[in-house]
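I opened this structure for the first time and kept notes on what I looked up, one topic to an entry.

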Amino acid sequence: MEDRRRSSCPCQVLPRDAFEVLAEFYEFNEVEGPCLAFRRAASVLKSLAWSVRRLGATEGLPCLGERSKSVMEEILQSGRSFEVEKILSDERYQTLKLFTSVFGVGPKTAEKWYRRGLRSFSDILAEPSIHLNRMQQSGFRHYGDISRAVSRAEARALGNIIDEAVRAITADGAAALTGGFRRGKEFGHDVDFIVTTPEVGREDRLLTDIIESLKQQGILLYCDYQASTFDQSKLPSHKFEAMDHFAKCFLILRLDCSRVDGGLNSVEGDSRGWRAVRVDLVSPPVDRYAFTLLGWTGSRQFERDLRRFARSERRMLLDNHALYDKTKKEFLAATTEEDIFAHLGLEYIEPWQRNA
Ligand code: TTP
Ligand code: MN
Ligand code: MN
Ligand code: MN
């Protein structure tokens, strides 16, 4: 009886959602330690097949610190967390959450706008002294579309578009789906592809040619292209959050309904017949392909955990570019993901098992 009442209570919060709110709160305040700790706690709960009913059941689980445990205890006892409710009702948190939901707006910009007293999109758009960069302008223009989830059918349609573009440029080129969709997710916030050519040194040009082709087709709504700054003599980075150095681009593409089996994931009453979608492309030299595939398949938490394992259990440095053995002082080559797991002394982990 007691339980039934509790589970139908609308204010009840799931421990995992609570941890994500807490992580985001610390991210907005640029406090890295607790942010990562709560992200890890959220991901530990995600990986559990059963729902956590009693705190006793979570004892012995890795990565749950004292604070995570006490938040969870409170939720399991009362269905709520005082701290999380305070954050959710906080005006600053709500505003930063809203502002950072715009493509091109990070915590720093959001904070700056908040300090200037801006609280809504119309406040921002009506403020003459605010200069939006190109990325933010596209973020506002396509806000509705790019906040809406991308379906697997839409990802497949985009895969065909990228594949056709690559093949028209070079017959031996290829595009591979990566990111969340490679992990088997049904929906994503964008679609990620790795494009390659077997000829080392041609990958930069391949990417700019693809962009040109998308532009010619009239479907390129936004493009942020970053040329390669890859230096193969550098050791893999210790810092996970550092972006990789390969040629890449962050795009917004126009996807027509006619290209998608079963139609677009659009809101009812929307009869444009197309939607805007975020697409990321990365183009590593082919001898680094396996590292990039592993790195871009994610999840972010899985990558963090794998890199940490490499460093602390194997004295190896892993990133999107390379694997370096600190004991032997040498780089370990790989042509497939299987090679990398083997170097690390791990059994192969399938992409759909990397959803941490
Ligand atoms: P995302 O596309 O951000 O995330 P996702 O595909 O897992 O989930 P979503 O459905 O929300 O899109 O990133 C995919 C992976 O790419 C992630 O593990 C981090 C990695 N990545 C890099 O390694 N370097 C980069 O420069 C970028 C942008 C992403
Ligand atoms: Mn953002
Ligand atoms: Mn993605
Ligand atoms: Mn992405």
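**Notebook: metal site, cores, a buried charge and a covered helix**

Entry on the metal site. I began with the manganese ion (ligand 4), which in this predicted model is coordinated by D190, D192 and D280, each through OD, at 2.1 to 2.2 Å. When I placed these donor residues along the sequence, I read their spacing as D-x1-D-x87-D. I then looked at D190 again and noted that D190 bridges the manganese ion (ligand 4) and the manganese ion (ligand 3), the two ions lying 3.5 Å apart. D190 sits in the loop between β3 (187-188) and β4 (191-196), whereas D280 belongs to strand β7 (residues 274-283), so this pair ties together parts that are 90 residues apart in sequence. I also checked their accessibility and found that D190 and D280 are both buried.

Entry on the nonpolar cores. I turned next to the largest nonpolar core, which has 34 residues, and I wrote down F19, L22, F99, W113, I124 and F140 as those with the most contacts inside it. The elements that give two or more residues to this core are α2 (15-28), α3 (32-46), α4 (66-78), α5 (82-88), α6 (91-100), α7 (107-115) and α8 (121-126). The largest share, 7 residues, comes from α2. I noted as well that this core draws at least three residues from each of domain 1 (1-89) and domain 2 (91-141). Following I124 alone, and leaving aside its neighbours within four places in sequence, I found it in contact with F99, W113, L118, I130, L132 and F140. Apart from this core lies another, of 30 residues, and A247, V260, V277 and V279 are among them.

Entry on E203. Which side chain of opposite charge is nearest to E203, and how far away is it? I found that it is R202, at 8.0 Å, and that E203 is buried yet has no salt bridge. E203 lies in helix α13 (residues 203-216), and, with its neighbours within four places in sequence left aside, I listed T197, S283, P284 and P285 as its contacts.

Entry on helix α14. How many of the residues of α14 are buried? I noted that 8 of the 9 residues in this helix (residues 289-297) are buried, and that the helix is mostly covered. The buried residues of α14 are A290, F291, T292, L293, L294, G295, W296 and T297. I closed the entry with G298, which comes just after α14 and takes a positive phi of about 70°.

Conventions:
Residues are numbered from 1 along each chain as its sequence is written. Chains are lettered from A and ligands numbered from 1 in the order in which they are written. This is a predicted model: local features need pLDDT of at least 70, side-chain atom pairs count only at pLDDT 80 or more; totals for chains, interfaces and linings use all residues. Side-chain values use heavy atoms; hydrogens and water are left out. Donors are N, O and S atoms within 2.8 Å of the metal (3.2 Å for Na, K and Ca); water is not among the atoms, so sites may look incomplete. Helices (H or I, at least four residues) and strands (E, at least two) are DSSP runs, numbered from the N terminus. Buried means under 20% relative accessible area, exposed over 50%, partly exposed in between (1.4 Å probe, protein chains only). A nonpolar core is a set of buried Ala, Val, Leu, Ile, Met, Phe, Trp, Tyr and Cys residues joined through side-chain atoms within 4.5 Å. Domain bounds come from an automatic or database domain assignment. Contact means heavy atoms within 4.5 Å. Lys and Arg count as positive and Asp and Glu as negative; His and the chain ends are not counted. A salt bridge is a side-chain nitrogen of Lys or Arg within 4 Å of a carboxyl oxygen of Asp or Glu.
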